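Good morning, everyone, and thank you for coming. Today I would like to walk you through the empty spaces inside a protein and along its surface, and then through one pair of helices.

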Amino acid sequence: MTYETARAIFAEWDVDTELAIDRLRPIAISIHCWQGDDVTGFEAKGGMSSGGIQATGNHPGRARNPSELRADLEFALSMIPGRHRLNLHAMYMDADDAPDRDEIEYRHFASWVDWALENGLGLDFNPTFFAHAKADDNLTLSHPDKGVREFWIEHGRRTREIAARMGREIGSPVVNNVWVPDGYKDAPVDRGAARMRLEASLDAMLSDVFDRSHMLDAVESKLFGIGVEACTVGSHEFYLGYAIRKGMLLCLDMGHFHPTEDVADKLSAVALSLDAILLHVSRPMRWDSDHVILLNDDIIAVAQELVSSQLLDRTHVGLDFFDATISRTAAWVLGTRNMQKALLRALLLPLDRVKAAEAALDFTQRLAVMEEARDLPFGEVWREFCKRANVPSGQALIGELAAYQDSVSDR
């Protein structure tokens with residue numbers, strides 16, 4: 001089948017494939033740096049990640065320094081249609097000195113900004129509240145020790161300053177996303193006190209006002225992690241209320257909820273109270289295990305909700321997975337492209353028709369159209385999208401991924 005044949009088939013359903021391609025092209029996915037090195041970072045300090053973060057496997061080719069990570073990213077980006085963003089964690093500084101996290105400055109990340117400008121990329125940023133001696137208790141901003149809290153408050157303040165400077169230099173607002181691992185392995189007796197400490201620490205950390213055209217604040221919840229099975233201080237309810245009160249972005253991570261919860265369903269619900277949303281697309285398997293995303297029902301449902309509820313312009317789409325059992329560059333490429341494929345499928349649905357059926361309470365028509373639409377030739381439109389972006393697909397892509405992996409396997 002050719003693209004022109006597929007275009008004609010979609011036209012029979014009153015779907016314009018050219019319009020769908022045009023809408024997909026400018027959508028920038030924020031690609032996470034930490035897939036490339038198994039969430040290790042480039043600090044002189046640090047150690048095993050905590051708070052339920054753990055990359056498993058020992059596939060050859062892990063990036064060991066900023067230069068290798070940037071080279072891997074450049075290859076991955078060359079296999080992904082469109083222009084995108086890099087999501088950088090504070091533990092990925094590029095500097096000769098070794099500041100502690102309450103001492104980091106913009107200069108420690110200036111090379112990343114230069115690289116992003118050279119490659120036409122946006123940037124996003126994250127404070128790193130894990131893999132540090134002062135996070136060994138899985139308590140940071142809610143720690144009972146004031147000194148520990150103040151250390152992490154200062155870290156958060158500095159990341160906001162750095163993010164704002166990044167946004168000013170690049171000319172695009174940097175989303176600075178706050179996630180902390182704080183919680184308890186066994187049932188606490190005073191959850192309220194811990195949450196009041198977290199709230200007070202956040203208030204102090206976020207007190208400085210920055211131009212929203214340079215930096216946007218976001219907060220991210222979690223259900224539980226290893227070592228915090230009984231209670232997560234920064235729960236969804238905690239951060240939902242906080243984000244609404246403070247006018248911030250709320251991050252919905254697809255791995256941070258109970259396995260039976262539907263993140264797609266949450267999008268339009270929280271959008272009624274928030275100006276914008278940060279979405280971390282991941283694939284949990286029994287827990288927040290951050291597997292590389294597939295083009296599965298969960299991802300398709302999220303993309304469909306973004307399109308059908310007209311939330312694309314209000315949602316910052318980022319990725320969050322790390323798998324060291326497979327090629328790390330292939331994981332980036334396949335995961336990002338799957339998010340794009342899901343969005344394209346949503347843009348190619350006859351949504352006006354099914355919305356009209358739903359409004360008329362004709363649920364039979366809604367079901368019939370959605371089920372028959374599954375057989376539409378989405379793949380031909382995706383291949384055309386890749387062709388126009390001069391990136392490979394199918395067997396050619398598989399060959400490129402394998403060849404690059406061979407070139408870095410001796411690291």
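How do the residues of the lining of the second largest cavity divide into nonpolar, polar and charged? Please keep in mind, while we look for the answer, that this is a predicted model. The second largest cavity holds about 40 Å³ of space, and its lining is made up of G36, P60, G61, A63, D72, R328, T329, Q405 and V408. If you sort these residues by class, you arrive at three nonpolar, four polar and two charged. Two helices, α10 (328-347) and α14 (395-408), each supply at least two residues of this lining.

Stepping back, the structure holds three cavities of 30 Å³ or more, and in the largest of them lies about 210 Å³ of space. That largest cavity is lined by 17 residues, and the ones nearest its centre are I53, H89, F130, W179 and D320. By class, its lining has seven nonpolar, five polar and five charged residues.

Let me turn from cavities to pockets. The largest pocket has a volume of about 710 Å³, and of the 28 residues that line it, R23, L306, V307, L312 and L347 are the closest to its centre. Several elements each supply at least two residues of this lining, among them α2 (17-24), β10 (315-319) and α10, while the largest share, four residues, comes from α11. The lining of the largest pocket has 17 nonpolar, four polar and seven charged residues.

The second largest pocket has a volume of about 620 Å³, and of its 24 lining residues the closest to the centre are I300, A301, Q304, L349 and M370. Here α9 gives the most, with seven residues, and α10 is again one of the elements that each supply at least two. In this lining there are 11 nonpolar, two polar and 11 charged residues.

Since α10 has come up several times, let us finish with its packing against another helix. The axes of α10 and α13 (residues 378-388) come within 10 Å and cross at roughly 120 degrees, and the two helices are therefore oblique to each other. The crossing of α10 past α13 is right-handed. On the α10 side, R337, Q340, K341, L344 and R345 take part in the contact, and they meet F378, V381, W382, F385 and C386 in α13. Sorted by class, this contact has six nonpolar, one polar and three charged residues.

Definitions and conventions. Residues are numbered from 1 along each chain as its sequence is written. This is a predicted model: local features need pLDDT of at least 70, side-chain atom pairs count only at pLDDT 80 or more; totals for chains, interfaces and linings use all residues. Side-chain values use heavy atoms; hydrogens and water are left out. On a 1 Å grid over the protein atoms alone, a cavity is a set of points where a 1.4 Å probe fits but cannot get out, and a pocket is an open set with protein on both sides within 12 Å along at least five of seven lines; lining residues have an atom within 4 Å of a point. Grid points are joined across faces, edges and corners, and a volume is the space filled by probe spheres set on the points. Ala, Val, Leu, Ile, Met, Phe, Trp, Tyr, Cys and Pro count as nonpolar, Asp, Glu, Lys and Arg as charged, and the others, Gly among them, as polar. Axes are lines fitted to C-alpha atoms, for helices over the stretch in contact, and angles run from 0 to 180 degrees between N-to-C directions. Angles under 35 degrees count as roughly parallel, over 145 as roughly antiparallel, 65 to 115 as roughly perpendicular and the rest as oblique. A crossing is left-handed if the near helix is turned anticlockwise from the far one by less than a right angle, and right-handed if clockwise. Contact means heavy atoms within 4.5 Å.
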